[in-house]
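User: Please take a close look at one buried position in this model and the elements around it. Then set that position against the rest of the chain.

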Amino acid sequence: MAYQVPAGDIVAIIDAPPAPVAALAPGRRYAALVHYEAHPPVELLARPFLSLAGIRVDPVIGGRQRTRRLTGISVLSVSDGEIRPVELPAGQSVSVPVWAPDGRGFAFTVDEPDGIAVWVADASTAVAAPVPGIRVRDVLGGDPTSGGSTVRWSRDSSSLLLLAAPGGPAELPAEPIEPQVEEAAGKHSQMLTFQDLLRTNADEDIFEALAMTVPLRVEPGTGAATTLGPPGLYYNLTDSPDGQHLLVYRLKRPFSFRVPYPYFARTVEVWSAAGELERVVADLPVGDEVPRQGVPTGPRMVSWEEPVPASLIWAEALDGGDPRAEAEHRDQLIRLAAPFEAEPQITGLVEHRCLGWYSMAAPGLLLMTEHDRDRRWLTTRLTDLSSPAPGRVIFDHSADEAYLDPGSPLLTVEPDGTRTVLQDGDHIYLRGDGASPEGDRPFLDRLDLTDLKTERLFRSPADGYEQVLGFLAEDRDSMLISHETRTSPPNLAVARLSTGERTQLTDWPDPHPQLTGMQKRMLAYDRGDGVQLTGMLHLPPGYDPRRHGRLPLVIWAYPHEYGDAATAGQVRGTTERFTRLTASEPVWFVLRGFAVLQNATMPVIGDPETMNDTYVEQISAAATAHVKALTEMSIADPGRVAVGGHSYGAFMTANLLAHTDLFAAGIARSGAYNRTLTPFGFQTERRNFWEATDVYDRVSPFRYADKITAPLLLIHGERDANPGTFPIQSERLFQAIQGNGGTARLVVLPYESHGYLARESVLHVLAEQLDWLERWLGPGAPEAGPDGAG
């Protein structure tokens, strides 16, 4: 079957160019604007790749599989709003720019036919040029979530630290035709069901060949390179604040067929600036026995203590990394200073699990956050590494809390490369979403660390939505903000705190002005047991229930877990944001006369250990309340209500069709439906299948496929890489519904992963979804029976 294409009005919106993404420079005088193609042609996804160690590698360029194309970079001068495009090779994809600490230039990569080149641009002129003779690999260094860094500036902005290709295309060993054999013997490896793993000894050799890099220090103008170490499996290379040492992360054999590369055997080392080994900080084994929802043992989060010339800080588990083990303190903080010859010093004990820290401007001070798993609680302390006493509590609140969320500190990069919390004397600055019963209103606060009093410097206006991106230069009166309203898309502006004056810097247009009149309102009502539910209702332009009657309704949701009813019922979101239709959104149905309840809350509340015991009952009660509320408002036709969701929302959708008669149809995308195939947990479920067999069985809609009588559209990416949502999940649920005489349609998208990106794919998905609901909820749809089916 050929790809389907929806009507022209929808195609035009999908093809409208997205606004670029802004990256504010250190010094806050410039911003890089990254232009991108929202939906590349499917040919990009179809490029051959190899599934290795949890990642997908393009062997031609020696990098990660590209699923988006970043098409260009511009430089915005925030003082006058002038935008200068950087001239780049036509048709090539670039990376997100990496700013130099002095804020005067940035580096980025360009995908060339023979590999990945490195370019450097001057911010004042927006003139860029390639670094001569350099090709890098981002197989390991391309994942910042795992601490990766393929391209990084030195602290003094004079050179680049690169993970370079060893020279020429990688010579890949031939993969023999042979049986795939794995053996288990006594290991308790209760990990997620990861995908794209190594499978054979040949896979190990191919991964090593493609991930191998050489660490270099490169002069950006001439390309003069100094080799810092031998070829290896490096994924992070960071110099110390004084520039005299290097922190080096690298993998080593043995690898694993059970877990992805971040869990492979690895070392953390300190080198001199010239590349001589000074200290092995950590020599860690394969981490395939990490306890469920736990952490590895040994040093983790090893990093430089920023305000100190050369001192390392890291955390280590005291409970074996097992959150279920009894322990007075779960972690300890450890410090090791240059010349790195002494024994590491324990600087403090952490009662709960350390999640990370920010360095303060003063040496030895950290803003450290710990998580109490039992209470679902976050505590942030101002920790003095010179004192064994617990740090002073700065923030203390539920992890589920929205209204009292204090926000996150603004950070700064000084010209010498020091990265710390932005601090003026005893004051730091916090920005947050500003959730409230009236909706989100982002804020900027100044917090006095001496008495913990806050001063609100900025709050988004009630009739718009503004977010602070950062102060300009050293001026604490002027901020770069993103501004949007219901009818105007996000644009950049300068806001002045003293006068409230706004100076607009960009004028990116509305990609779909035909939706300007669309109605949007935040709804709130009771689940029936005192739990408040919310949802964002979208209605067609000009709709009036008295004149136009009831509409077919689409409820789109994704369940979340909460420890208590109060936080579950808090309002998240706002009506004052611009509605930008993206391919994954459900608001498209408004264009065809449907009412859409987006982000309809489906809270699952209770003890974190057992809350899924009542999962089905809780989502069913929420769905009932949503349908009842919209029906009582005379908006929804109760016989023409559909439910849909993506991933865990798809799991919810199938369960609601199996256990209620509320819906005339459903749409489930990229979901998991048989929880016996995710036996070591899902979402926040803490028990494994053998500890809670009845729960895994009860929440698996596959088990109740014979009860799914309402028509269900199943959509899945052929190459879904998300743990737990293998494509077979949709295939088997479809077969189960088919075998029991139900109505279903299965769409498998070539080359797509968990989310769908290619232009052909997203247009096909929109066409399928619109046709499906028109078929089952439209004017010619069969009359719904008592079980929701036609």
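Analyst: Start with P711. P711 is buried, with a relative accessible area of just 1%. The cut-off for buried is under 20%, so P711 qualifies. This is a predicted model, so every value here is computed from predicted coordinates.

Where does P711 lie? P711 sits in the loop between helix 8 (693-698) and strand 47 (712-717). Its contacts, leaving aside neighbours within four places in sequence, are L657, A664, A665, G666, T743, W772 and W776. One of these partners, W772, is 61 residues away in sequence. In space the C-alpha atoms of P711 and W772 are 8.8 Å apart.

Another partner of P711 is L657. L657 belongs to the buried part of helix 7. That makes helix 7 the next stop. Helix 7 covers residues 648-659, 12 residues in total. From first C-alpha to last it reaches 16 Å, close to the 16 Å expected at 1.5 Å a residue. Of its 12 residues, 11 are buried, so helix 7 is largely enclosed by the rest of the structure. The buried residues are Y648, G649, A650, F651, M652, T653, A654, N655, L656, L657 and A658.

Now step back along the chain. S647 is in the loop between strand 45 (636-646) and helix 7. Its phi is positive, about 65°, although S647 is not a glycine. Most residues other than glycine have a negative phi. S647 counts as buried too, because its relative accessibility is 13%.

Helix 6 comes earlier, at residues 615-632. Its 18 residues should span 26 Å at 1.5 Å a residue, and its end C-alpha atoms are 26 Å apart, so the two agree. Helix 6 is mostly covered, with 13 of its 18 residues buried. Just after helix 6, S634 takes a positive phi of about 60°.

Other positions in the chain offer useful comparisons. Take A126 for backbone geometry. A126 is in the loop between strand 10 (115-122) and strand 11 (127-136). Its phi is near 60°, again positive in a residue other than glycine. A126 counts as buried, because its relative accessibility is 5%.

Two prolines stand out for their peptide bonds. Most peptide bonds are trans. R253 and P254 are joined by a cis peptide bond, with omega about 5°. P254 lies in the loop between strand 17 (245-251) and strand 18 (266-272). A338 and P339 are also joined by a cis peptide bond, with omega about 10°. P339 is placed in the loop between strand 22 (331-337) and strand 23 (345-350).

Strand 22 also holds A337. Is A337 buried or exposed? A337 is partly exposed, with a relative accessible area of 42%. Not counting residues up to four places away in sequence, A337 touches A310 and S311. A337 and I555 are 218 residues apart in sequence, and their C-alpha atoms are 56 Å apart.

D196 is a buried loop position. D196 lies between strand 13 (160-164) and helix 3 (201-211). At 14% relative accessibility, D196 counts as buried. Beyond its neighbours within four places in sequence, D196 is in contact with S51, L52, A53, G54, I55, R56 and A721. S584 is 388 residues from D196 along the chain, and the two C-alpha atoms are separated by 24 Å.

Finally, the whole protein. The protein has 10 helices and 48 strands. A compact globule of 790 residues would have a radius of gyration near 28 Å; the protein has 27 Å, which agrees. Along its principal axes, the C-alpha trace spans about 75 × 70 × 60 Å. Buried residues make up 57% of the 790 residues. P711 is one of the buried residues.

Contacts in sequence terms come next. Among contacts with a separation of 6 or more, 59% join residues 24 or more positions apart. The contact between P711 and W772 links residues that are 61 apart in sequence.

Surface and charge close the account. The accessible surface comes to about 31900 Å², and 52% of that belongs to carbon and sulfur atoms. The protein has 69 positive and 103 negative charges, and their mean positions are 3 Å apart.

Note on methods:
Residues numbered from 1 in each chain as written. Predicted model: local features only at pLDDT ≥ 70, side-chain atom pairs only at ≥ 80, totals over all residues. Heavy atoms only, no water. Helix = DSSP H or I, 4+ residues; strand = E, 2+ residues; numbered from the N terminus. Rg over C-alpha atoms; globule rule 2.2 N^0.38 Å. Buried < 20%, exposed > 50% of the residue type's maximum accessible area, 1.4 Å probe, protein only. Contact = heavy atoms within 4.5 Å. Areas by Shrake-Rupley, 256 points an atom, 1.4 Å probe, with all protein chains shown as cover. Lys, Arg positive; Asp, Glu negative; His and termini not counted. Charge placed at Lys NZ, Arg CZ, Asp CG, Glu CD. Expected span 1.5 Å × (residues − 1).
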